[in-house]
Amino acid sequence: MKEKKTTIKIAPLNERQTWKRLENHYQQVRELHLRKLFAEDPARGERMTVEAVGLYLDYSKNRITGETLELLLRLAEDCGLRGRIEAMFRGDKINVTEDRAVLHVALRAPRGASIVVDGENVVPQVHAVLDKMADFSNRVRSGAWKGHTGRRIRNVINIGIGGSDLGPVMAYEALKHYSDRAMTFRFVSNVDGTDLAEAVRDLDPAETLFIISSKTFTTLETMTNARTARDWSIAGLRGDETSVARHFVAVSTNAAEVAKFGIDTANMFGFWDWVGGRYSMDSAIGLSTMVAVGPDHFRAMLDGFHQMDEHFRTTPFERNLPVLMGLLGLWYNNFFGAHTVAVLPYEQYLKRFPAYLQQLTMESNGKRVTLDGRNVPCDTAPIYWGEPGTNGQHSFYQLIHQGTRLVPCDFIVFHETLNPLGRHHDILMANVFAQAEALAFGKNPEQVKAEGTPDWLVPHRVFEGNRPSNLILARRLTPEILGKLVALYEHIVFTQGAIWSIDSFDQWGVELGKQLAQRIIPELESREKPALAHDSSTNNLISRYRKSKEGS
């Protein structure tokens, strides 16, 4: 094979004039307090807001001035963000290390749209799969799809890992309000046998359907779990291997392996190499989501994705939600040295949203070299983490308020609750507004003393404030709004990756551990003592484990 040589030439980010101006500007504003910014501009809280596609962003509590914003927007232009956006939507192969297009946006394009990859419009293919998913989902939900013994399916277990798990489980939890409560949905990803054992412990195999999500149908963890699930299912159905065809379906592109497993390939749902795993929850990987909430709600979610896509593609950067949030995140990451971002949804249904964002952001932008293979001259992806409010307030908010580390926060909140219970929602809303206010403005020593606090205790009760946050507000959590929120963060990732000039769509960093695990597995399982050639620590650990197996 002829070696492919890159022709990409990238000016180092830290050599750009706009970057240097931002460095100088940072030195001028680094100590500027939000108290002063709000005091000098009483309208700041109304002015530094953007409302679009059903989301309202208040970014006024960020440590920025008008000049900061102007320089950040200029940086986006200088780094060619607009051209990168257009290239993605055109279907150009912007995933350069794998020579692939990046077209998760095609997964939610409406019928009749045209997005061309290698000379072919892929949108009709997308809708053909969506229609097949809808037909299958309707049959399962209605009871028309019967298990091997003729009983209807009441339990669905999605088996996948990474993007084949995090998206579906997050979406199921987020949209549980809209799900069929007569059915049970569970998700298995960890190769630790406990995950599968607990998932099936109280279920009847005659009423249980497994969705095996693996593009190649060879993923080690997924297929290990799938084969164990197959054994469990067959054992519960009198050992009849033909039962597999009624209790297992596949999200895959490997028809030969799917058929070998015993799944009817008519019940195989495909996707494409221009969809990365962490961007695939709105593809066939979302089959469990569609079965849970129904095709109409799933399509509403896709419409929400598409609305945010179009906003990102067409809106000027100064009013563009993903671009603004991406630039603000870059400001703290690269100039203030903030190493993490806390995502804090004040909505219990979004309890898995921060975990979902961890893969989306850190697998995408956790890179150390630019598109042309040179070291990135600055930090890339920060660590994303978080929990729903108000739980986190009684946990890690102490560090955010009074710790030594700067932690920018994204609050996500809704005007209306899906479960109105007395005063609960008013109290929830009061808490999120109060937290954002407290982080920004804090409490100075004079205020603490005025409360009658003894002098010795004053330092302990001072809040410095000046802790930045964004607040994202929507009417209520619907499938459409969930699609918009996920797409918002997808495009934040894109914005930052484009400015850092990295490939946000490969994930070579996950490969080495996989390769070594494949080498070690036979060394753990062989009857004969293997000749170990690892480092002394790994050799010793393998030997200890083998001895423990011999003694058990």
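Two residues are in contact here when heavy atoms of each lie within 4.5 Å. Every view below comes from a predicted model.

**View 1. Arg278 and the residues around it.**
Let us start with R278, which is found in the loop between β9 (268-269) and α12 (287-293). With a relative accessible area of 2%, R278 falls under the 20% cut-off and is therefore buried. Setting aside its neighbours within four places in sequence, R278 is in contact with G163, Y356, Q359, L360, E363, S364, S504, F505, D506 and Q507. Two of these residues deserve a closer look. The side chain of S364 joins the side chain of R278 through a polar contact of 2.7 Å. From S504 it is the backbone oxygen that takes part, lying 2.9 Å from a polar atom of the R278 side chain.

**View 2. The aromatic pair of Tyr279 and Phe505.**
The structure holds 23 aromatic pairs, and one of them is formed by Y279 and F505. Their rings are tilted, with 50° between the planes and 5.5 Å from centre to centre. Y279 sits in the loop between β9 and α12, while F505 belongs to the loop between α20 (479-500) and α21 (511-525), so the pair ties together parts that are 226 residues apart in sequence. Both Y279 and F505 are buried.

**View 3. Trp385 meets Phe396.**
Here is an edge-to-face pair: W385 and F396 have 70° between their ring planes and 4.6 Å from centre to centre. W385 is in strand β11 (residues 383-385), and F396 is in the loop between β11 and α16 (397-402), 11 residues apart. F396 has a relative accessibility of 15%, so this residue counts as buried.

**View 4. An aromatic cluster, and charges over rings.**
W19, Y26, W331, Y332, F335 and F336 come together in one aromatic cluster. Rings also take part in another kind of arrangement. The charged end of R246 sits over the ring of W145, at 3.9 Å from the ring centre. Likewise, the charged end of R230 sits over the ring of F261, with 5.6 Å to the centre.

**View 5. Thr453 in its loop.**
Follow the chain to the loop between α18 (445-450) and α19 (458-461), and you will find T453. Its relative accessible area is 6%, so T453 is buried. Not counting residues up to four places away in sequence, T453 touches V448, V458 and R461. V448 also offers its backbone oxygen, which lies 3.0 Å from a polar atom of the T453 side chain. For a sense of scale, T453 and K9 are 61 Å apart in space, C-alpha to C-alpha, and 444 residues apart in sequence.

**View 6. Nonpolar cores.**
The largest nonpolar core has 127 residues, and those with the most contacts inside it are W274, W331, F353, L482 and Y489. Helix α20 gives this core its largest share, 13 residues. A good residue to centre on is L482, which touches M170, A171, A174, L175, M301, L350 and L477, leaving out residues up to four places away in sequence. Another core, of 21 residues, lies apart from the largest one and includes A199, V200, I212 and F248. W331 is worth a second glance, as it appears both in the aromatic cluster and among the residues with the most contacts inside the largest core.

Key:
Residues numbered from 1 in each chain as written. Predicted model: local features only at pLDDT ≥ 70, side-chain atom pairs only at ≥ 80, totals over all residues. Heavy atoms only, no water. Helix = DSSP H or I, 4+ residues; strand = E, 2+ residues; numbered from the N terminus. Buried < 20%, exposed > 50% of the residue type's maximum accessible area, 1.4 Å probe, protein only. Polar contact = N/O pair within 3.5 Å; in protein donor to acceptor, adjacent residues only side chain to side chain. Phe/Tyr/Trp six-rings, centres within 6.5 Å; stacked < 30°, edge-to-face > 60°. Lys NZ or Arg CZ within 6 Å of the ring centre and 35° of its normal. Core = buried A, V, L, I, M, F, W, Y, C linked by side-chain atoms within 4.5 Å.
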